[in-house]
Amino acid sequence: MKLDSITLHQLSMPLVSPFETSFGRSVDRECILISIQSEGLTGVGECVADRDPGYSYETTGTAWHILKDFIAPLLLGQNIKDAADFQSRVAHIRGHHLAKAGVEMAIWDCLGKQQHRSLREMLGGIHSRVQVGVSVGLQDSPAVLVETVRKYLEAGYDRIKIKIKPGRDVGDASAVRLAFPAIKLQVDANSSYTLGTWETMKPLDLLNLLLIEQPLNEDDIWDHRILQKQLRTPICLDESILTPRHARYALEMGACKIINIKAGRVGGLSQGIAIHDLCLQRNVPVWCGGMLETGVGRASNLALASLPGFILPADISASDRYYAEDITRERFTLNPDSTIDVPTGPGLGISVDQNALKKYTLAELRLEPE
Ligand code: OSB
Ligand code: MG
C-alpha cells in the first residue's frame, strides 16, 4: 500500500455531559483524526490523546508534533505492507503510543477497504455484537451519582463503572451498591492512591465489585502486587500496561488478575492483540477500555472487543452517551441486551461526515512526500 499523503485534523468535540476523573474534568474531548490516502482510497484513524496530559503524558500537541515531524516522514511515499511493517518502521521512536496507534488504525482501515474485509474479520474477531457497559465520571454527590447510574441502567446498560479518588470512594460505591444490590459494578481510581493511602478504600473489598481498576501509580507494577495480596477483589491494570512485556510482568508478579486493553495506550491494535493473545493463553480475562472516542475509534474498539478473550463488558457506550453529533455518519446504539453491534463494512466500516468534521476542526494539516 503506497502512502500518497497524510492529513491531520485536530478536533474538539463537545461532550453531552462533563466527564470528571481523579485527574480532572472535561467538557469537551480533543483528539486527532488521521487520514491516509493510498492509491485513491482513504483510511482514517483516531489518535486518542487529549488536550491535557492527565491520563497519559501525550497530548494532542505532542501527538501532532510526533506525527508531523517523525512518523509521517517515515511513511510518506513508502509502500507500507501491513500493521507489522508499520510497527517495525516506527519502533525506534520511543513511547508516543497514542500517536502511533492512530496511524496503525488508519492503515487497517485502508487495508480493509483495499481487500474488502471488515476490521473484525482482519483481526480475527468472533462476535458480531459485544457486551458493553458505561463509565460514569465523578458526580457532585453520592445521591447525584445514584441518579446518574439509574438513568444508565434504565437506558439498558447492565454493567456500571464509577470513577473514584481519595475521599470519593467508599461512600460513592456503597451508595450505588445499596441502591442496586445486584448490578455488575466496578471502580476506576486512575492511579490516585499509593501504598500509603490505599487503606481508606479497603472497604470497597466488601462491595462485591467485578474489579478495581488502576488504584496505584501509572508507572508501578510492583506495589500493585503488594496491594493485590491484601484484596479479594481482582485488581485490573489500565495505565500501567503499555506493552505486551508489561502485561507479562504484571501477570507473572501477580500484580493484577485482569487487564484493560486500549489499542491507543499500547501503541496500536496489533499490540492490543498481542496482549489479548498472551492473556487468553494464560486464562486471564481482558476487556476493552475506552477513551471517549468519536465514532472512528468506537468502530475500532468494537472490532477489537469481538476477539474471543474479551470476556468482560467493554467501556464502549452508545454514541449518545458521549456526543450529540459525531464525525461519523453512523451512530452506535445500545441493543436491549447491553450489547453494541460490530460494524461489518470494509475496514472500520464507518464514513466520515465532512460537514461535522469541519465544524469540530481546530487545525488541519496535509502532509505529502518531499
Ligand atoms: O481510565 O478508563 C479510563 C476515559 C478517558 C481516559 C481514561 C479513561 C476513560 C474512561 C471512559 O473511563 C471510557 C469510555 O470511553 O467510555
Ligand atoms: Mg481506566
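**A colleague's note on the helix packing and the magnesium site**

1. Let's start with a pair of neighbours in the sequence: helix 2 and helix 3 are roughly antiparallel to each other, since angles over 145 degrees count as such. The angle in this case is roughly 150°, and the two axes come within 10 Å. Please keep in mind throughout that this is a predicted model. Helix 2 covers residues 83–90 and helix 3 covers residues 97–115.

2. Which residues make this contact? From helix 2 come Ala83, Phe86, Gln87 and Val90, and from helix 3 come Lys100, Val103, Glu104, Ile107 and Trp108. Sorted by character, the residues of this contact are 6 nonpolar, 1 polar and 2 charged. As for handedness, helix 2 passes helix 3 in a right-handed crossing.

3. The loop between helix 2 and helix 3 holds a residue you may like to look at, His96. Its phi is near 55°, which is a positive value in a residue other than glycine. Is the residue buried or exposed? With a relative accessible area of 17%, His96 is buried, because the limit for that label is under 20%.

4. Helix 2 also has a contact with helix 1, which spans residues 60–75. Here the axes are 10 Å apart and the packing angle is about 130°. That angle makes helix 1 and helix 2 oblique to each other. Helix 1 passes helix 2 in a right-handed crossing.

5. On the helix 1 side of that contact you will find Ile71, Leu74 and Leu75, and they meet Phe86, Arg89 and Val90 of helix 2. The residues involved divide into 5 nonpolar, no polar and 1 charged. If you colour the model by contact, note that Phe86 and Val90 are listed for helix 2 in the contact with helix 1 and also in the contact with helix 3.

6. Now for the metal. Which protein residues are donors to the magnesium ion (ligand 2)? They are Asp188 (OD), Glu213 (OE) and Asp238 (OD), at 2.1 to 2.3 Å from the ion. Along the chain, these donors follow the spacing D-x24-E-x24-D. Glu213 belongs to strand 8 (residues 212–213), while Asp238 sits in the loop between strand 9 (235–237) and helix 8 (244–253), so this pair ties together parts that are 25 residues apart in sequence.

7. How accessible are the donors? Asp188 is buried, with a relative accessible area of 1%. Glu213 is buried as well, at 0%, and Asp238 likewise counts as buried at 0% relative accessibility.

8. Asp188 deserves a point to itself. This donor is found in strand 7, which runs over residues 184–188. Leaving aside residues up to four places away in sequence, Asp188 touches Lys161, Ile162, Lys163, Ile164, Glu213 and Gln214. One of these, Glu213, is itself a donor to the magnesium ion.

9. A last stop is Leu292, in the loop between strand 11 (286–288) and helix 11 (295–305). What is the phi of Leu292? The value is near 55°, again positive in a residue other than glycine. At 13% relative accessibility, Leu292 counts as buried.

Conventions: Residues numbered from 1 in each chain as written. Chains lettered and ligands numbered in written order. Predicted model: local features only at pLDDT ≥ 70, side-chain atom pairs only at ≥ 80, totals over all residues. Heavy atoms only, no water. Axes fitted to C-alpha atoms, helices over the stretch in contact; angles between N-to-C directions. Helix = DSSP H or I, 4+ residues; strand = E, 2+ residues; numbered from the N terminus. Parallel < 35°, antiparallel > 145°, perpendicular 65-115°, else oblique. Left-handed = near helix turned anticlockwise from the far one by under 90°. Contact = heavy atoms within 4.5 Å. Nonpolar A, V, L, I, M, F, W, Y, C, P; charged D, E, K, R; others polar. Buried < 20%, exposed > 50% of the residue type's maximum accessible area, 1.4 Å probe, protein only. Donors = N, O, S within 2.8 Å, 3.2 Å for Na, K, Ca; no water.
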